[in-house]
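Colleague: I'm new to reading protein models. Could you walk me through a few features, one by one?

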Amino acid sequence: MTNLRPLDETLWEIPVTARGDMRVPARVFANREILDAILEDRSLEQLENVATLPGVVEAAMAMPDIHQGYGFPVGGLAATQPPDGIVSPGGVGYDINCGVRLLVVPLTAEELGRRKETLVHEISRRAPAGTGREGGLKLRGAKLDAVLREGPRALLDRDIGTEDDVERTESAGRLEGADPDVVSDRARQRGSTQLGTVGSGNHFIEVQRVERLLDEDAAAAYGLSAGLVTVLIHSGSRGLGHQVCTDYVKLMDRALPRHEIELPDRQLACAPISSDEGRRYLGAMAAAANFAWANRHTIAHAVREAIRQVLGGEVADRTRLLYDVAHNVAKLEPYDGRELCVHRKGATRAFPPGHPEIPSDYAAAGQPVFIPGSMGTSSFVLAGREGSMRRSFGTTCHGAGRLMSRTRARKQIGGKELRAQLEAEGITVRCPSNRGLSEEAPFAYKDVESVVDVVERAGLAARVAQLRPIGVVKG
């Protein structure tokens, strides 16, 4: 990466002249230490490849949590312009609308006290975690179609969640244009028993305490105060979304010659947004995104029911959703008078104060942003800032970002040893797999505080509160 040059203290660029096939520069937000870690894998080469895609505008971008992924790097961002600009399943990822949802519990960690372990156990019992686990909510046919079209709102008449939950979800938990008819039977079958399940890998439910406030006004707007218990839910569209991605990567790969698209990496398989393949994918992706919001909505209901069982009905009824934000989607959004298809893969919206898509209660503070760390480290609540609109199409990062592969992490520590370490630090752990636990060891990720510092200095989002884990449920 000899062409990499600094534009300022947080932004680096590979110029468009670095390769003959690049249409725009490739840019990454990072400090020197994070950049050194990024250079350990092929993620910047992947970012250069993204810069070759038809219709890409301004730059192919990456957040400080960037790491190598399928086609696009995780932590990658690209905006393309219709009608000829492309949409790429690899720019969204296999876990469509993987995202996070933060619940605020109306009691402090001190008040929770010794009931913490019982609560974590009850959450793990009610919200299945792990590969292939099925949930209690099984939907097929027209009932599944309703979720694919409407997202969590389709579950309200089942007394799952509240209208307030829907209003405090990005896009009100529903992408327009969702079309269940372009979701394959195999995808529907895989998703039919998975609503309300966490999954495996880096997905989790984490019980936390608010360690400290960094912006008291924004924290007050979000309903956060020092010591409060929060619950962070990280999951996505499960097997349904994975199958949608699989189906459309194959479809678009076959269609490349017809659209006269040449790619440096076939994992970037894509099609013009205006094409039949492009329109069909956007309809299927929106349906999978709506399913993912319904999944987190259902998990949140299970968490409330666990709270009801352990802490009582009043505490459960007053446990509220702060916000739910997506990581892996492609959305049509207006920028500078033009509509663009913004691919955010392992990246999240960070809209500034006053943006019309922010819930009115948060208009003055800005859109809530959540950047989880890893087990045993802090997570952060931030608020979107105007710099994101000028510099990154309203986007910031979605987490700390992997520093090493799962295989390498497993070689460095066993799950039993890691579990003992975490519990010695006061973190109650529920995980059905020691192997899965070791893959998500804290040292396998970048330092979240360093990542958040880059985001803040770049003007993309500002810190509001620091959260510390006290219990975790993982797959």
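Modeller: Sure. A residue is called buried when its relative accessible area is under 20%, and exposed when that area is over 50%. Keep in mind that this is a predicted model.

Colleague: Okay, let's try a helix. Which residues of helix H14 are buried?

Modeller: First the general idea: an α-helix has 3.6 residues a turn, so residues three or four places apart point the same way. Now the case here. H14 covers residues 415-424, and its buried residues are Gly-415, Leu-418 and Leu-422. Looking down the axis of H14, these buried residues fall within an arc of 60 degrees, so they line one face of the helix. On the other side of H14 you'll find Lys-416 and Ala-424, which are exposed.

Colleague: And what covers the buried residues of H14?

Modeller: The cover includes strand S18 (428-430) and helix H15 (434-439). While you're in that part of the chain, look just after H14: Gly-426 has a positive phi of about 85 degrees.

Colleague: How should I read a phi value?

Modeller: Most residues other than glycine have a negative phi, and most peptide bonds are trans. Glu-58 isn't a glycine, yet its phi is positive, about 65 degrees. You'll find Glu-58 in the loop between helix H2 (43-50) and strand S4 (60-67), and it is partly exposed, with a relative accessible area of 35%. Ser-171 is another non-glycine residue with a positive phi, near 60 degrees.

Colleague: You mentioned peptide bonds too. What is the peptide bond from Pro-82 to Pro-83 like, cis or trans?

Modeller: That bond is cis, with omega near 5 degrees. Pro-83 sits in the loop between strand S5 (74-80) and strand S6 (86-87).

Colleague: Last one: how do I read aromatic rings?

Modeller: A pair of aromatic rings is described by the distance of the centres and the angle of the planes. Planes over 60 degrees apart count as edge-to-face. The count here comes to 4 aromatic pairs. In one of them, Tyr-70 and Tyr-94 have ring centres 5.2 Å apart and planes at 80 degrees, so the pair is edge-to-face. Tyr-70 is partly exposed, at 25% relative accessibility, and Tyr-94 is partly exposed at 24%.

Colleague: How far apart are the ring centres of Tyr-335 and Phe-393?

Modeller: They're 5.4 Å apart, with 90 degrees between the planes, and this pair is edge-to-face. Tyr-335 is in strand S12 and Phe-393 in the loop between helix H12 and strand S17, so the pair ties together parts 58 residues apart in sequence. Tyr-335 is buried at 6% relative accessibility, and Phe-393 is buried at 5%.

Conventions
Residues numbered from 1 in each chain as written. Predicted model: local features only at pLDDT ≥ 70, side-chain atom pairs only at ≥ 80, totals over all residues. Heavy atoms only, no water. Buried < 20%, exposed > 50% of the residue type's maximum accessible area, 1.4 Å probe, protein only. Helix = DSSP H or I, 4+ residues; strand = E, 2+ residues; numbered from the N terminus. Arc of directions from axis to C-beta. Contact = heavy atoms within 4.5 Å. Phe/Tyr/Trp six-rings, centres within 6.5 Å; stacked < 30°, edge-to-face > 60°.
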